[in-house]
Amino acid sequence: MWVALPLIVGSLLLVICGFIWVARRDTMALAQQIAGLDTVPLDEIALHNMNAVRARVGKVPAIDDPVTDEPTVFYELRVERTDQGETLLHHREAGLVTLADGHGRAEVMLAGAEIAGLELRELETAERTPSPKMAALLERFDIRVPTESNAARYALMHRAIRIGTDLTVVGVPRVREKDGQKSLPRFTPSAGPLYVTPDELPVLQQRESADLKAMNLMLGIGAALGVAATAVGLFLMI
């Protein structure tokens, strides 16, 4: 039985790598498409095609951020019990925002978008019990505040996008028409992949390219190991 083990393991590795490679084809095609984009002014975007734009969040109905008590257009928060690796609260809220770049305007639906390059930051930590801010957030979202425990460690994580922030948006814009009037071009996740980041376009392109290279390297190593194990198994069985 042990003689056939390398052949079995190698075959499984090759099959798994094949499935992953097929599943990643769309991701690879998307990364290559993003790599070929240049930033265009809002008045030059091509409707129903993927575009990259760089513009500023305008004055729109804001969302109250319960962590900072500041007006935002997007926020995400986590309250975590770090000693147990447990997330007590995870909440994300986003809306429709208007962008302007001096050439034109467009809308972006942040809900459902991939918010890249804006990492969750640790704002507070606490021991034994959640801090007053953490406890208030848990109560706000109807989550029971944990009782005191000597071993407990807590952290509050947060990220947000505020009015006036410069954003790079990569996605597919569409225009709606009602009563003969056309709306502003709107980027939505329903039209295709939608990336929103405070970084410049080259940073996003580099990050997507690096992720793709890392995955291709892992698949290449897996396939090489699969071939080697299969070859050893066949050799032992001959």
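## A tour around strand E4

Start by selecting residues 74-81, which make up strand E4. This strand is mostly covered, with six of its eight residues buried. Keep in mind as you look around that the model is predicted.

**First neighbour: E5.** Now add residues 86-94, strand E5, to your selection. E4 and E5 run antiparallel, and eight bridges join them. Two pairs are handy for checking the register. Show Phe 74 and you will find its bridge partner, Ala 94, in E5. Then show Arg 78, which stands opposite His 90 of E5.

**The turn.** What links these two strands in the chain? E4 and E5 form a hairpin, with four residues between them. Pick Gly 85 in this turn and check its backbone: phi is positive, at about 65°.

**Second neighbour: E10.** Next, select residues 153-161 for strand E10. Here too the strands run antiparallel, and eight bridges join E4 to E10. For a marker on this pairing, display Glu 80 of E4, which stands opposite Ala 155 in E10.

**The whole sheet.** Widen the view to take in the sheet that these strands belong to. In which order do the strands lie? The order is E5-E4-E10-E9, an open sheet of four strands with antiparallel pairing. Add residues 121-127 to see strand E9, which is an edge strand, as is E5; each of the two pairs on one side only. If you turn the sheet to look along its strands, you can follow the twist, which averages 10° from one strand to the next.

**The helix across it.** Now select residues 132-140, helix H3. Which strands does H3 lie across? The helix lies across E4, E5, E9 and E10, and it runs at about 70° to E10.

**Zooming out.** Finally, clear the selection and show the entire protein, with its four helices and 16 strands. Of its 238 residues, 38% count as buried. Switch to a surface view if you like: the protein exposes about 13,500 Å², and carbon and sulfur atoms supply 56% of that area. A contact map makes a good last stop. Among contacts with a separation of 6 or more, 68% come from residues 24 or more positions apart.

Note on methods:
Residues numbered from 1 in each chain as written. Predicted model: local features only at pLDDT ≥ 70, side-chain atom pairs only at ≥ 80, totals over all residues. Heavy atoms only, no water. Buried < 20%, exposed > 50% of the residue type's maximum accessible area, 1.4 Å probe, protein only. Pairing = 2+ DSSP bridges. Contact = heavy atoms within 4.5 Å. Areas by Shrake-Rupley, 256 points an atom, 1.4 Å probe, with all protein chains shown as cover. Axes fitted to C-alpha atoms, helices over the stretch in contact; angles between N-to-C directions.
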